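Colleague: Please show the structure, and let us then go through it by question and answer.

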Amino acid sequence: MSPRRNRPKGAGPSGPSAEDGSGRYGGWQSSESWQGEEWSVRHVAGASAQGKSYRCPGCDQLIPDGVPHVVAWPAHAGVDDRRHWHKACWNAKDRRTTRVQRSRNAPRF
């Protein structure tokens, strides 16, 4: 018995994953409007979020590696403006304040 393939044989850059917005990160990408501008939002599966932890701008807590989360950035901006959010923090972004109180010596992420 041969091992099961994870992808169809012909799936490449023009394969089904490129058309439906899902990519190598195991999630899907969409566009949302927030604070008067368009945001690109990518949902990252937990299995694809390996090797690095990020700081959520919504709650200022770490997102450990292996945890499903959301990557969002303004549509007009580049990759330097991407921010990794907990899914719950992204969904509650309108109810949260962006003014996180930090001490003077704390790093800004």
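Colleague: How many bridges join E2 to strand E5?
Modeller: This is a predicted model, in which local features need pLDDT of at least 70, side-chain atom pairs count only at pLDDT 80 or more, and totals for chains, interfaces and linings use all residues. Helices (H or I, at least four residues) and strands (E, at least two) are DSSP runs, numbered from the N terminus, and two strands pair if DSSP finds at least two bridges between them. E5 spans residues 69–74 and runs antiparallel to E2; the number of bridges joining them is six.

Colleague: Which residue in E5 is the bridge partner of Arg42?
Modeller: Residues are numbered from 1 along each chain as its sequence is written, and side-chain values use heavy atoms, with hydrogens and water left out. Along the pairing of E2 and E5, Ser40 stands opposite Trp73. For Arg42, the partner is Val71.

Colleague: In E6, which residue is the bridge partner of Val71?
Modeller: E5 also pairs with E6, in the antiparallel sense and over three bridges. On that side, the partner of Val71 is His84.

Colleague: In what order do the four strands form an open sheet?
Modeller: E1 is joined to E2 by six bridges, and E2 is joined to E5 by six bridges. With antiparallel pairing, the order of the sheet is E1-E2-E5-E6.

Colleague: Which are the edge strands?
Modeller: An edge strand here pairs on one side only. That applies to E1 and to E6 (83–85). Neighbouring strands of the sheet are turned by 35 degrees against each other on average, direction ignored; axes are lines fitted to C-alpha atoms, for helices over the stretch in contact, and angles run from 0 to 180 degrees between N-to-C directions. The edge strands are thus E1 and E6.

Colleague: Which residue in the turn of the hairpin has a positive phi?
Modeller: The hairpin is formed by E1 and E2, with two residues between them. Beside this turn, Ser33 stands opposite Glu38, while further pairs are Glu32 with Trp39 and Ser30 with Val41. The positive phi, about 55 degrees, belongs to Gln35.

Colleague: Why is E5 largely enclosed by the rest of the structure?
Modeller: Buried means under 20% relative accessible area, exposed over 50%, and partly exposed in between (1.4 Å probe, protein chains only). On one side of E5, His69, Val71 and Trp73 are buried, and on the other Val70, Ala72 and Pro74 are buried. E2 is mostly covered, with six of its eight residues buried. E5 is largely enclosed because its number of buried residues is six of six.

Colleague: To how many disulfides does the count come?
Modeller: A disulfide is a pair of cysteine sulfur atoms within 2.5 Å. By this rule, the count is zero.

Colleague: Which cysteine sulfur is nearest to that of Cys56?
Modeller: Cys56 is in no disulfide. Cys56 is buried, with a relative accessible area of 0%. At 3.7 Å, the nearest cysteine sulfur is that of Cys89.

Colleague: Why is the sulfur of Cys59 in no bond with that of Cys89?
Modeller: Cys59 counts as partly exposed, at 24% relative accessibility. Its closest cysteine sulfur is in Cys89, but this is too far for a bond, because the separation is 3.7 Å.

Colleague: What is the relative accessible area of Trp28?
Modeller: Trp28 lies in the loop between helix H1 (16–19) and E1. Its C-alpha atom is separated by 8.3 Å from that of Val41, 13 residues apart along the chain. Trp28 is partly exposed, and its relative accessible area is 48%.

Colleague: How do the elements of the protein run from the N terminus on?
Modeller: The secondary structure comes to two helices and six strands. Of the 109 residues, 27% are buried. From the N terminus on, the elements run α-β-β-β-β-β-β-α.

Colleague: Over which residues does pLDDT stay under 50?
Modeller: pLDDT is the predictor's confidence in each residue, from 0 to 100. Its mean for the protein is 75, and 65% of the residues reach 70 or more. A contact means heavy atoms within 4.5 Å, and the stretch in question has 12 contacts beyond four places in sequence. The stretch with pLDDT under 50 is residues 12–24.
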